[in-house]
Amino acid sequence: MGENGNLRKGHGEGGGNPLSMVRNILNPQHIRHAHITGWGMEVPNRVVTNAELEAVVETTDEWIRSRTGIQERRIASERDSVVTLAFEAARKALDRADVLPTDLDMIIVATSTPEDIYPTTASRIQNLLGATRAGAFDLSAACSGFVYALNMGAQAIRTRSIEKALIIGAELNSRVLDWNDRGTCVLFGDGAGAVVLEGSEDAGGLLSCVLGSDGSGAELLGIPTVGRSSIPDGWALHKIHMDGREVFRFAVHIMQDSVRQAIDAAGLGMNDIQLIIPHQANQRILTAAARALNIPESMFYSNVHRYGNTSAASIPIALCEAEREGRIKPEDNIVLVGFGGGLTWAAAVIQWQGVPRPQKRGLGAALAQSRREVQYVAAFWRDRAMRTYRRVEASLRGSPAKNAAMREEREKKRRKRDDLVDPPNDRNPK
Ligand code: COA
């Protein structure tokens, strides 16, 4: 960890301007740090192996394994939605952080596969959790989205505009796959991961973040939707299209660049980093990036063989599994790095504190848990009550929009009736 001892005091503002750094040195209380205090993941139960895909498209287990490292992925059932997966991941993250939904100030969901363009997935999660004080919005930056969202939440905490944020990455890629396109359908899977971010005077947490975009590569990877003027040949509405080779080249190059930049912005060197948690797209991308960075491939955490590419969900899912497997320890410096459609990329350095407060046990933990459960039940009934209230109120008062439209419609019909019995030419005859 080298010089971490003194770094921990001051590099929470890594990459900040000199004036604010001087102000923070003179007044260390001023610095607010954004820590990950809870994390959770959820994947559908259904495991789909490469062998099963052999029956669907012209491919082989051997091809998929050797070109990508993927062995299986999770595919959502008809009853699953991006909201149900995100909600379960969020509940687990709140449990782990021991935070009540009503204490949340902000919910950001990074997704490219929302149920609706709007209302956002984040608003649905806010409603299901009963997070009545939280602002909520979706963020679209493809597979880089989770790190973008993490940075937005952390910045809001560091400026003291909020105290607690829930950051989610969630995708139902199976619904936007063209199951006739063997070049893409074997690569993706479904899932969700969430973290709770909290402000603290303790140094650490998110140390630096590098965000980037190059829209000149827009055609290389995407999901066309309703706002387009036309759809090029070979693409389909709401289906993923990709130029695999070009995306591969971009991914290797941008991973090494952005990882280096983020580590530099945190005032650290590669030797200070214990683990890199990359977007899980392809094991060969990780092999090539490790070679380019001159580090062992084992520095990259990988679970791509289990889940394939879950887009914005892949980094928080990998984070949860890396922590569970003991790959992240308190005070480790870890790098999160994502890349994807846009083109976009994002890399962040985090000093991991685990859960900074003592974990409740026994009765205390059960009580805290039951307070959250009560809030979820209350959220369910609040939702029902609000819907009923709106319906009753609309029928009692009448909806102004509906009435206006009906009045106009009636007026149009009256004019047409008049014209029929009394055509304009026949009126006021000379
Ligand atoms: N099974 C069998 N053969 C397949 C196949 C599949 N699932 N998909 C493609 N092929 C074939 C191609 O049709 C091509 O055949 P041809 O030579 O007869 O034309 C051949 O395999 C080689 O295709 P190519 O695209 O050159 O393979 P590749 O080695 O580049 O591997 C990817 C393809 C998609 C695995 C690889 O390009 C990749 O991983 N790119 C990055 C994708 C990614 O990470 N996207 C998400 C970013 S967020």
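Helix axes here are lines fitted to C-alpha atoms over the stretch in contact, and angles between them run from 0 to 180 degrees between N-to-C directions. With that in hand, welcome to a short tour of this predicted model. Helix α5 (residues 82–97) and helix α13 (residues 362–397) pack at an angle of about 145°, and their axes lie 10 Å apart. Beyond this pair, the tour takes in two nonpolar cores and an open sheet.

**The α5–α13 pair**
- The crossing of α5 over α13 is right-handed.
- On the α5 side, R91, L94 and D95 make the contact, and they meet Q369, R372, E373 and Y376 of α13.
- By character, the residues of this contact comprise four charged, two nonpolar and one polar.

**Nonpolar cores**
- The largest nonpolar core holds 48 residues, and M255, I273, I276, F300, F339 and V349 have the most contacts inside it.
- Two or more residues come from each of β8 (205–213), α9 (244–265), α10 (283–293), β12 (333–340) and β13 (344–351).
- The biggest share, nine residues, is from α9.
- Setting aside neighbours within four places in sequence, F300 touches M255, I276, P278, L286, A289, A290, L293 and I295.
- A second core, separate from this one, has 43 residues, including V43, I108, L150 and V195.

**The open sheet**
- Five strands line up as β1-β7-β6-β4-β5, with mixed pairing.
- At the edges sit β1 (33–42) and β5 (135–139), each paired on one side only.
- From one strand to the next, the twist averages 20°.
- Inside the sheet, β4 (residues 106–110) runs parallel to β6 (residues 164–172) over five bridges, and A110 has G169 of β6 as its bridge partner.

Methods: Residues are numbered from 1 along each chain as its sequence is written. This is a predicted model: local features need pLDDT of at least 70, side-chain atom pairs count only at pLDDT 80 or more; totals for chains, interfaces and linings use all residues. Side-chain values use heavy atoms; hydrogens and water are left out. A nonpolar core is a set of buried Ala, Val, Leu, Ile, Met, Phe, Trp, Tyr and Cys residues joined through side-chain atoms within 4.5 Å. Buried means under 20% relative accessible area, exposed over 50%, partly exposed in between (1.4 Å probe, protein chains only). Helices (H or I, at least four residues) and strands (E, at least two) are DSSP runs, numbered from the N terminus. Contact means heavy atoms within 4.5 Å. A crossing is left-handed if the near helix is turned anticlockwise from the far one by less than a right angle, and right-handed if clockwise. Ala, Val, Leu, Ile, Met, Phe, Trp, Tyr, Cys and Pro count as nonpolar, Asp, Glu, Lys and Arg as charged, and the others, Gly among them, as polar. Two strands pair if DSSP finds at least two bridges between them.
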